Amino acid sequence: MLFAIICEDNADSEDLRKATRDVHLEYIGGHDVHLAGPMLSEDGETMIGSIILLKAVNLSAAQAFADRDPYKLAGLFAKVTIRPFRQVIPS
């Protein structure tokens, strides 16, 4: 099953995001991630969060993945929401 993991950064935390980026990318690269990338502010440049579409066996597994994300462990995120997701397009 796919899960959408929507992570919102703490305010003024772009430096922390950049400092932790390499280990975060290495971590998510070791999992069944279908799509991932930063959410941007209205300026189209400033990173303010992340969206990850993860294939996991259940919500508990998706939560465990999110809890071990180096960004989360570094204290980057103010809020993390995980929801089951059904991909329709592309089919």
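I started at Ala 36 and looked across to the neighbouring strand: Ala 36 stands opposite Ile 52 in E3. Worth jotting down that this is a predicted model.

Next I checked what else faces Ile 52, and found Ile 5 standing opposite that residue in E3. I then went from residues to whole strands. E2 covers residues 33-40 and is joined to E3 by seven bridges, with the two running antiparallel. For E1 (residues 2-9) and E3 (residues 47-55) I also got antiparallel pairing, over seven bridges.

How many residues sit between E2 and E3 in their hairpin? I counted six residues there, and in the turn I picked out Gly 44, with a positive phi of about 75°.

Then on to the rings. I searched the whole structure for aromatic pairs and came back with two. One is Tyr 27 with Phe 65, a stacked pair at 5.2 Å centre to centre, with 25° between the planes. The stacked label fits, because planes under 30 degrees apart count as stacked. I looked up where these two sit: Tyr 27 is in helix H1 (residues 14-29) and Phe 65 is in helix H2 (residues 59-68), so the pair ties together parts that are 38 residues apart in sequence. Buried or exposed, these two, Tyr 27 and Phe 65? Both are buried.

The other pair I noted is Tyr 71 with Phe 77, and this one is edge-to-face: 5.9 Å centre to centre, 90° between the planes. I ran the burial check here too, and Tyr 71 came out buried, as did Phe 77.

How values were computed:
Residues are numbered from 1 along each chain as its sequence is written. This is a predicted model: local features need pLDDT of at least 70, side-chain atom pairs count only at pLDDT 80 or more; totals for chains, interfaces and linings use all residues. Side-chain values use heavy atoms; hydrogens and water are left out. Two strands pair if DSSP finds at least two bridges between them. Helices (H or I, at least four residues) and strands (E, at least two) are DSSP runs, numbered from the N terminus. Rings of Phe, Tyr and Trp (its six-membered ring) pair if their centres lie within 6.5 Å; planes under 30 degrees apart count as stacked, over 60 as edge-to-face and the rest as tilted. Buried means under 20% relative accessible area, exposed over 50%, partly exposed in between (1.4 Å probe, protein chains only).
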